[in-house]
Amino acid sequence: MQRRHFLQYFSTAAVAVPILTACGGGGNSSGSAGSSEPGLNRADLGQTTPNLRFLHGVASGDPLDDRVILWTRVTPERDDLSSAAVVCEIAEDADFSSLVLSEVLTTGPERDFTVKFDAAGLAPDRRYWFRFMAGDSVSLVGRTRTLPQPGQPAERLRFAVCSCSSYPHGYFSVYRMIADRRDLDFVMHLGDYIYEYGDGQYGDHPERPLDPPHEIIVLADYRRRYALYRQDEDLQAAHVMHPFVTVWDDHESTNDSYRDGAENHNPGEGDWFERKAQAIQAYFEWMPIRPPTEAEDSIYRAFQYGDLADFMMLDTRLEGREQQLSNPLDPARSSPRNLLGQTQKDWFKHKLATAQGQWKFVGQQVMFAQLQILELQRLLPGVPTNEFSPLIAINMDQWDGYPTEREEILDFVGDEGIDNLVILTGDIHSSWASELYQNPAVLTAGVLNSPLGVEFVAPSVTSPGFPDGAAELVSALLPVVNPHIKYTDLKNHGFILIDVDRQRTQAEYYYAASIDDAAQRGIAMSKVKTLAVSSGSARLREDTPVSRPKSTL
């Protein structure tokens, strides 16, 4: 499916058809939602769509001050069912005694029986509970939360950052750790929510076989892989507890993808643009993200958290990226090359320059800070290079492969005097915290320079990092030639808790007990690493006190 046809599909498909609507329900107008209308007959609904089950949990996402996306999927027992009606209820309490909205939605095989509803007309900065019903079946009850209104005074923000969950590499205990943090405002997932590989190609946990068992290539394959992931009880728990803000990385399509192709799209696997469009379609069906429209046809987007923070979510993968170079010494590396694409880059600069929040957060996929690896190799004489294969050469898939565009962004930040910039990143299955400089090489020469921002890179949920021994050695040596990199953990799985107030932004890295724990069901945290950056500064402070919990109301 070509991109234009894909957008036409989503603009006309019955994503959510309002049949019975409360005040404020289903539209795009703001304001408080009223009480639901009486008279909804679930028995009649059951006669219309019998034998439906909720096997994939519920989810919410893309919260704004007056609305949030609500998601579920119904599984019909009949293969020939052409449509299904599903009730969505939203309440101010977990018992649904204070119902604020009730809506009947329709779905069908054209969108894999997923249900997505943009529930508008909600109050700002408010906790809500939601559920779905079809016939005699009732879904899990989910919690969600709206954001404070843009410009509204907001003293504190608390959210989790995670990425990279390979199903056959073990259980999703990290998602359970996130679910247990009841005081989060939302979860930011920075991609590699699923992986495209087949059984035995990447991970081989005996109790975690893949469906389908082969590499996913066509729409039906992508849908089955999401369905497998969304039956995981730990992932379901995280979605039940918190709204998600998501972007894709490469494995939602295939490894090292870019605008016009991918490293793992091979001859015999069909047309790349067809595969990309079908991967995107499945993503929008299965993820709690607002579907694209003809006016807004991209995944990059922005939102505000009161007057405390502006968020810019980027697409460094499919929107405008040119093919990765294979050789870091290729002269083309120093020429202007697109990672964002001109349209997205112009949008990003505009959002940075006009942001009103005290903090500016950028959620994106690949590591932004420079990684001076060629120097690192000189510190490892006699060590077999295969011990450090993930770092033996500059990773051309990261911003290091597109340095001219990175310099342009950093020049803009400096020239415009943009302060309190925090970049949040996933992708590389390891933890990093760095200060951002135009040229960090001057630090090794002892030249004092002011950083322009900071970057926190999240560890993986399960996807493997460095092996034991190599992880510790490389972590010890990295700061010697990369003094802007203040912290690394190259093997442990976990997530970052970001706690924000007027004085500082703090990143708390929470880990499972060891690298092996991802293969076991259960939760154990062995340590936490904290780093903070003060408002008006861009220098990282290590080992600051762990933040206090936030009210869950």
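**Helices, a cavity and selected loop residues in the predicted model**

The buried residues of helix H7 are covered by elements that include strand E16 (301-305), strand E17 (309-313), strand E18 (359-363), helix H9 (403-416) and strand E19 (421-425). These results describe a predicted model. The buried residues in question are Gln344, Lys345, Trp347, Phe348, Lys349 and Leu352. Helix H7 itself runs through residues 342-354. With a rise of 1.5 Å a residue, the 13 residues of this helix should span 18 Å, and the C-alpha atoms at its ends are indeed 18 Å apart, so expectation and model agree. The pattern of a helix follows from its geometry: an α-helix has 3.6 residues a turn, so residues three or four places apart point the same way.

The chain as a whole contains 11 helices and 26 strands. Of its 553 residues, 61% are buried. Among the contacts with a separation of 6 or more in the chain, 75% are made by residues 24 or more positions apart.

Empty space within the structure was examined next. Rolling a probe the size of a water molecule over the atoms shows where empty space is left. A search of the whole structure yields six cavities of 30 Å³ or more. The second largest cavity has a volume of about 60 Å³. Its lining is formed by Leu314, Phe348, Val362, Gln364, Phe368, Trp399, Ile409, Leu410, Val413, Leu421 and Ile423. Phe348 thus appears in this lining and also among the buried residues of H7. Helix H9 and strand E19 each provide at least two lining residues, and H9 gives the most, with three. By character, the lining residues of the second largest cavity comprise 10 nonpolar, one polar and no charged.

Strand E19 leads to a further site. Asp427 is located in the loop between E19 and strand E20 (431-436). With a relative accessible area of 11%, Asp427 falls under the 20% limit and is therefore buried. When residues up to four places away in sequence are not counted, Asp427 touches Ser163, Cys164, Asp192, Asp249, Asp250, Arg317, Gln365, Val366 and Asp397. Asp427 and Pro459 are separated by 32 residues in sequence, while their C-alpha atoms are 8.4 Å apart in space.

Two further helices, H4 and H5, were considered for burial. In helix H4 (219-229), nine of the 11 residues are buried, so this helix is largely enclosed by the rest of the structure. The buried residues of H4 are Leu219, Asp221, Tyr222, Arg223, Arg225, Tyr226, Ala227, Leu228 and Tyr229. Helix H5 (residues 233-241) is likewise largely enclosed by the rest of the structure, because eight of its nine residues are buried. These are Asp234, Leu235, Gln236, Ala237, Ala238, His239, Val240 and Met241. The cover over the buried residues of H5 includes E2, strand E10 (142-145), helix H3 (173-179), H4 and strand E13 (244-246). At the start of H5, a side-chain oxygen of Asp232 comes to within 3.0 Å of the backbone nitrogen of Asp234.

The backbone of several loops also has noteworthy features. Pro212 is placed in the loop between strand E12 (186-189) and helix H4, and the peptide bond from Asp211 to Pro212 is cis, with omega near -10°. Asp62, in the loop between strand E2 (58-61) and strand E3 (67-73), has a positive phi of about 45° although it is not a glycine. Asp62 is buried, its relative accessible area being 6%. Phe96, which is also not a glycine, has a positive phi of about 60°. Phe96 is found in the loop between strand E5 (84-91) and E6, and its relative accessible area of 9% means that it is buried.

Strand E6 (residues 99-107) contains Thr107. Thr107 is buried, with a relative accessible area of 2%. The side chain of Thr107 reaches the backbone oxygen of Thr114 at 2.6 Å.

Methods: Residues are numbered from 1 along each chain as its sequence is written. This is a predicted model: local features need pLDDT of at least 70, side-chain atom pairs count only at pLDDT 80 or more; totals for chains, interfaces and linings use all residues. Side-chain values use heavy atoms; hydrogens and water are left out. Helices (H or I, at least four residues) and strands (E, at least two) are DSSP runs, numbered from the N terminus. The expected span of a helix is 1.5 Å times one less than its number of residues. Buried means under 20% relative accessible area, exposed over 50%, partly exposed in between (1.4 Å probe, protein chains only). Contact means heavy atoms within 4.5 Å. A polar contact is a pair of N or O atoms within 3.5 Å; within protein, one must be able to donate a hydrogen and the other to accept it, and residues adjacent in sequence count only if both atoms are side-chain atoms. On a 1 Å grid over the protein atoms alone, a cavity is a set of points where a 1.4 Å probe fits but cannot get out, and a pocket is an open set with protein on both sides within 12 Å along at least five of seven lines; lining residues have an atom within 4 Å of a point. Grid points are joined across faces, edges and corners, and a volume is the space filled by probe spheres set on the points. Ala, Val, Leu, Ile, Met, Phe, Trp, Tyr, Cys and Pro count as nonpolar, Asp, Glu, Lys and Arg as charged, and the others, Gly among them, as polar.
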